[in-house]
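Work through the following exercises with the sequence and the structure at hand. Each one sets a task and is followed by a solution in steps.

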Amino acid sequence: MWYLCMFYHRLLDYRKAEVESLAQLFANDEEDQYKTQRLKWRLPLHHHPDSPFHFVDLPSEDVARNVANRSILVKGMYELWGEGGSYEELEEAIRSYPDERKLPYLEPDSTFKINVDTFGKVISLQEQTQRIHGLSYIPFKGRVNLKSPEHKFWLMETDDYGVNNGLPPIVQRRIFFGREIGGADRKLLPTYQLKSRTYLGPTAMDAEIAFLMANQALVTPGKLVYDPFVGTGSILIAAAHFGAMTMGADIDIRVVRDGRGPDCNVWSNFKQYGLPMPIALLRADNNLPPWRTGLKEVFDAIICDPPYGVRAGGRKSGGRKLMKGVVGPYTVPDDKRTDHIPSTASYSLVECVHDLLDLAGRMLVMGGRLVFFYPVVREDDNVNNSFPEHPCFQLIATSEQILSSRYSRVLLTMVKTSQYTEEIAEEARLKHKDFKENHLKWLEDGNLHSAVFSPSDLQVNGAADAKTSKEPKPKYRGKYV
């Protein structure tokens with residue numbers, strides 16, 4: 001059945017991917033699973049692809065409700081009773097909507113509430129009341145209950161594109177009326193916001209993005225979720241909120257063991273929100289994983305934000321002298337192990353991603369998901385869409401977040417479709433070699449940090465000239481939202 005989905009107008013490229021993932025999560029049987037793997041979308045008349053309004057075909061009302069209630073970006077999911085370019089067209093559409101669909105929600109012993117919402121403009125309370133009174137042709141027989149109604153109805157109106165409001169271009173006004181099926185609980189975002197968190201690091205993941213990543217990974221109670229670059233635990237906190245068992249690792253022992261004291265560390269973050277503590281936090285190197293030989297298919301999902309060199313560079317075990325062969329491997333004496341901090345060396349992006357994919361191929365269960373961010377350098381409005389590949393995985397979703405004119409990051413969602421074998425590992429090694437050759441430009445021009453923070457136009461013209469020639473912001477900025 002087709003439902004009207006209204007999104008929050010932010011993180012535009014993440015919206016459909018989240019709904020599609022959650023639809024698979026809540027599909028009840030094989031037939032529903034098949035339908036949700038091929039979700040159909042369509043736009044309302046005269047609407048831009050970035051419009052917050054989309055129609056989506058979902059298998060059942062239960063699936064639609066569960067998707068909307070779990071989602072972060074779905075403002076509301078509605079059974080549409082009518083739409084039109086004017087209130088006369090809307091009335092005609094509502095009157096022609098089948099009575100067998102409307103009457104069960106208009107019973108005398110029911111309670112209801114009508115809400116008015118707009119996109120692109122603001123209307124006064126008096127205007128809202130007038131619009132509600134204009135719906136008197138709908139035979140509501142129940143009682144109005146503004147606090148806890150059984151049925152919620154929404155009248156939603158978009159503005160014309162004639163207004164310079166920075167919103168997606170909508171050629172003509174459109175009005176919708178429908179019954180609410182469900183909607184996102186955005187109250188959890190202020191609860192988990194970073195500014196009130198006990199222990200933070202420079203790369204702590206924003207709460208909204210962390211919950212989106214958990215939804216992409218299909219996190220549910222009882223699943224085991226692993227973050228190999230755990231840091232201060234932001235991603236695992238989101239996974240634990242949805243009931244998952246969590247486990248993390250980081251190469252910096254001071255982060256996972258000490259923090260800033262006994263009451264300000266990764267563990268205290270979980271305690272702050274009353275969440276189950278992680279099963280373990282390991283000091284481990286993604287380049288030299290600690291898992292014993294033969295151990296496979298342990299984790300249901302791996303979710304992480306690899307250190308790709310913009311805010312923080314990657315590190316691996318070694319040190320300059322050890323990597324150059326000046327000194328050989330050494331064993332730390334027992335009396336110095338407590339306070340010993342192992343030396344580390346630089347860890348390139350391509351090597352880090354290769355090790356991550358190899359780890360996920362080995363340690364994820366079949367059907368398990370790998371969700372991680374990958375950086376993209378934009379040159380002359382061209383984006384390199386070449387993403388890492390692995391024979392064990394199928395790439396099912398890419399969600400781009402443009403952070404500047406030169407740099408964006410893409411959330412990659414991969415699902416494990418093949419068993420990990422030695423032949424697969426060799427094929428992955430060859431893919432990695434080809435992938436590395438295609439990304440040598442980043443190494444030749446300097447690291448990714450330089451590409452992001454030293455744009456070519458500033459190098460050529462100078463920072464002062466760039467400031468004076470800055471163009472005004474366009475009317476609609478798309479994925480910058």
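**Exercise 1.** In this predicted model, find which backbone oxygen atoms the side chain of Lys416 reaches, and at what distance.

*Solution.* Begin at the side chain of Lys416 and follow it to the backbone oxygen of Gly361, which it reaches at 2.7 Å. Then look for a second partner, and you will find that the side chain of Lys416 also reaches the backbone oxygen of Leu364, at 2.7 Å.

**Exercise 2.** Locate Lys416 in its strand, decide whether it is buried or exposed, and list what it is in contact with beyond its neighbours within four places in sequence.

*Solution.* First, place the residue: Lys416 belongs to strand β18, which covers residues 407–416. Next, take its relative accessibility, which is 2%, and compare it with the cut-off of under 20% for a buried residue; Lys416 therefore counts as buried. Then collect the contacts, leaving aside the neighbours within four places in sequence: Lys416 is in contact with Glu297, with Ala360, Gly361 and Arg362, with Leu364, Val365, Met366, Gly367 and Gly368, and with Cys392 and Phe393. Finally, set sequence against space for one pair, since Lys416 and Arg369 stand 47 residues apart in sequence while their C-alpha atoms are 6.3 Å apart.

**Exercise 3.** Describe how helix α8 and helix α9 cross, and which residues make the contact.

*Solution.* Start with the axes of α8 (residues 207–216) and α9 (residues 234–241), which come within 8 Å and cross at roughly 60°. Because of that angle, α8 and α9 are oblique to each other, and the crossing in which α8 passes α9 is right-handed. On the α8 side the contact is made by Ala210, Phe211, Met213 and Ala214, and on the α9 side by Ser234, Ile235, Ala238, Ala239 and His241. Sorted by class, the residues of this contact are seven nonpolar and two polar, with no charged ones.

**Exercise 4.** Carry out the description for helix α1 and helix α3, giving the angle, the handedness and the classes of residue in the contact.

*Solution.* Helix α1 (residues 15–26) packs against helix α3 (residues 61–70) at an angle of about 125°, and their axes are 9 Å apart. This angle makes α1 oblique to α3, and the crossing of the two helices is right-handed. From α1, the residues Val19, Leu22, Ala23, Leu25 and Phe26 meet Val63, Asn66, Val67 and Arg70 of α3. By class, the contact of α1 with α3 comprises seven nonpolar residues, one polar and one charged.

How values were computed:
Residues are numbered from 1 along each chain as its sequence is written. This is a predicted model: local features need pLDDT of at least 70, side-chain atom pairs count only at pLDDT 80 or more; totals for chains, interfaces and linings use all residues. Side-chain values use heavy atoms; hydrogens and water are left out. Helices (H or I, at least four residues) and strands (E, at least two) are DSSP runs, numbered from the N terminus. Buried means under 20% relative accessible area, exposed over 50%, partly exposed in between (1.4 Å probe, protein chains only). Contact means heavy atoms within 4.5 Å. A polar contact is a pair of N or O atoms within 3.5 Å; within protein, one must be able to donate a hydrogen and the other to accept it, and residues adjacent in sequence count only if both atoms are side-chain atoms. Axes are lines fitted to C-alpha atoms, for helices over the stretch in contact, and angles run from 0 to 180 degrees between N-to-C directions. Angles under 35 degrees count as roughly parallel, over 145 as roughly antiparallel, 65 to 115 as roughly perpendicular and the rest as oblique. A crossing is left-handed if the near helix is turned anticlockwise from the far one by less than a right angle, and right-handed if clockwise. Ala, Val, Leu, Ile, Met, Phe, Trp, Tyr, Cys and Pro count as nonpolar, Asp, Glu, Lys and Arg as charged, and the others, Gly among them, as polar.
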